[in-house]
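Hi everyone, thanks for coming. Let me put the sequence and the structure up on the screen, and then we can walk through them together.

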Amino acid sequence: MVRILLFLAFFISCPSSFALAESFFTSDAYFKGKLSFDAGDYKAAVKLWMKSAEKGYPEAQGLIGGMYHAGLGIEKDYAKAMEWYLKAAKKGVAQAQLGIGNLHGDGLGVEKDYIKACMWFAISAEAGNERAEYNLKKITARMTEANVAQAERMALEWIKTRAKR
């Protein structure tokens with residue numbers, strides 16, 4: 001639980017550079033949601049951020065994934081966390097990519113899979129996420145060289161595919 005709370009704290013304090021018409025992190029929905037989150041009113045934060053997530057703001061999608069992951073203000077649901085994380089991850093949100101790696105590495109809502117976890121940590125680390133770099137070092141110590149190489153190939157392919165879009 002502490003790891004998830006630290007994850008969410010990092011997520012809401014480190015805006016990324018993605019935007020639709022305006023940046024989610026400069027919107028009233030973000031600021032009001034953050035005030036609610038900081039005050040412990042997680043249901044209000046979810047309500048505010050969900051509207052932005054449904055409009056397609058990737059940062060909000062990642063935050064909603066984190067709230068489902070942690071069960072803050074909404075019932076814990078790893079499948080829904082994955083769904084929202086994937087929406088954000090496909091748009092380049094490194095913190096959501098880290099969340100996907102954590103779900104795979106811990107076997108939460110999915111079968112435990114260090115290769116997939118390593119892949120997602122590598123993608124997130126490539127985007128500059130320091131926590132993903134740390135997790136990548138930890139997980140590769142538990143893997144064979146062949147499995148690490150497989151995860152690296154998968155990450156590279158995913159990054160190449162996204163760069164073409």
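**A walk through the core**

Let's start inside. The largest nonpolar core has 34 residues, and those that touch the most other members are F24, W49, I64, M67 and W120. Seven helices each give two or more residues to this core: α2 (28–38), α3 (42–54), α4 (58–70), α5 (78–89), α6 (94–106), α7 (114–126) and α9 (145–163). There is also a second, separate core of 11 residues, with C118, A125, M143 and A151 among them. Please keep in mind that this is a predicted model.

Now let me step back to the whole chain. It has nine helices and zero strands, so to speak a run of α-α-α-α-α-α-α-α-α when you read along the sequence. Of the 165 residues, 45% are buried. If you take the contacts with a separation of 6 or more, 54% of them join residues 24 or more positions apart. On the outside, the chain exposes about 8700 Å², and carbon and sulfur atoms supply 54% of that area.

My next stop is α4. Is this helix enclosed or open to the outside? All the evidence is in the count: 13 of the 13 residues of α4 are buried, so the helix is largely enclosed by the rest of the structure. Its length works out too, because 13 residues at 1.5 Å each should span 18 Å, and the end C-alpha atoms are 18 Å apart. Just after α4 comes G71, with a positive phi near 70°.

Two residues of α4 deserve a closer look. I64 is in contact with V46, W49, M50, A53 and W84, leaving aside its neighbours within four places in sequence. G66, also found in helix α4, has 0% relative accessibility and therefore counts as buried, the cut-off being under 20%. From G66 to Q95 you move 29 residues in sequence, while their C-alpha atoms are 9.2 Å apart in space.

W84, which we just met as a contact of I64, has another partner to show you. The charged end of K87 sits over the ring of W84, 4.2 Å from the ring centre.

On to the aromatic rings. How many aromatic pairs are there? The count comes to nine. One of them is F24 with Y30, an edge-to-face pair at 5.5 Å centre to centre, with 70° between the planes. Y30 also pairs with F31: the centres are 5.4 Å apart and the planes are at 65°, so this pair is edge-to-face, as the angle is over 60 degrees. F24 and Y30 are both buried, and for Y30 the relative accessible area is 5%. F31, in contrast, is partly exposed at 44%. Ring pairs link F24, F25, Y30, F31, F37, Y42, W49 and Y57 into a cluster. You may recall F24 and W49 from the list of residues that touch the most other members of the largest core.

Last one, I promise: N135, in helix α8 (residues 130–140). Is N135 buried or exposed? Its relative accessibility is 8%, so N135 counts as buried. Not counting residues up to four places away in sequence, N135 touches L98, N102 and F121.

That's my tour, and I'm happy to go back to any part of it on the screen.

How values were computed:
Residues numbered from 1 in each chain as written. Predicted model: local features only at pLDDT ≥ 70, side-chain atom pairs only at ≥ 80, totals over all residues. Heavy atoms only, no water. Helix = DSSP H or I, 4+ residues; strand = E, 2+ residues; numbered from the N terminus. Buried < 20%, exposed > 50% of the residue type's maximum accessible area, 1.4 Å probe, protein only. Contact = heavy atoms within 4.5 Å. Areas by Shrake-Rupley, 256 points an atom, 1.4 Å probe, with all protein chains shown as cover. Core = buried A, V, L, I, M, F, W, Y, C linked by side-chain atoms within 4.5 Å. Expected span 1.5 Å × (residues − 1). Phe/Tyr/Trp six-rings, centres within 6.5 Å; stacked < 30°, edge-to-face > 60°. Lys NZ or Arg CZ within 6 Å of the ring centre and 35° of its normal.
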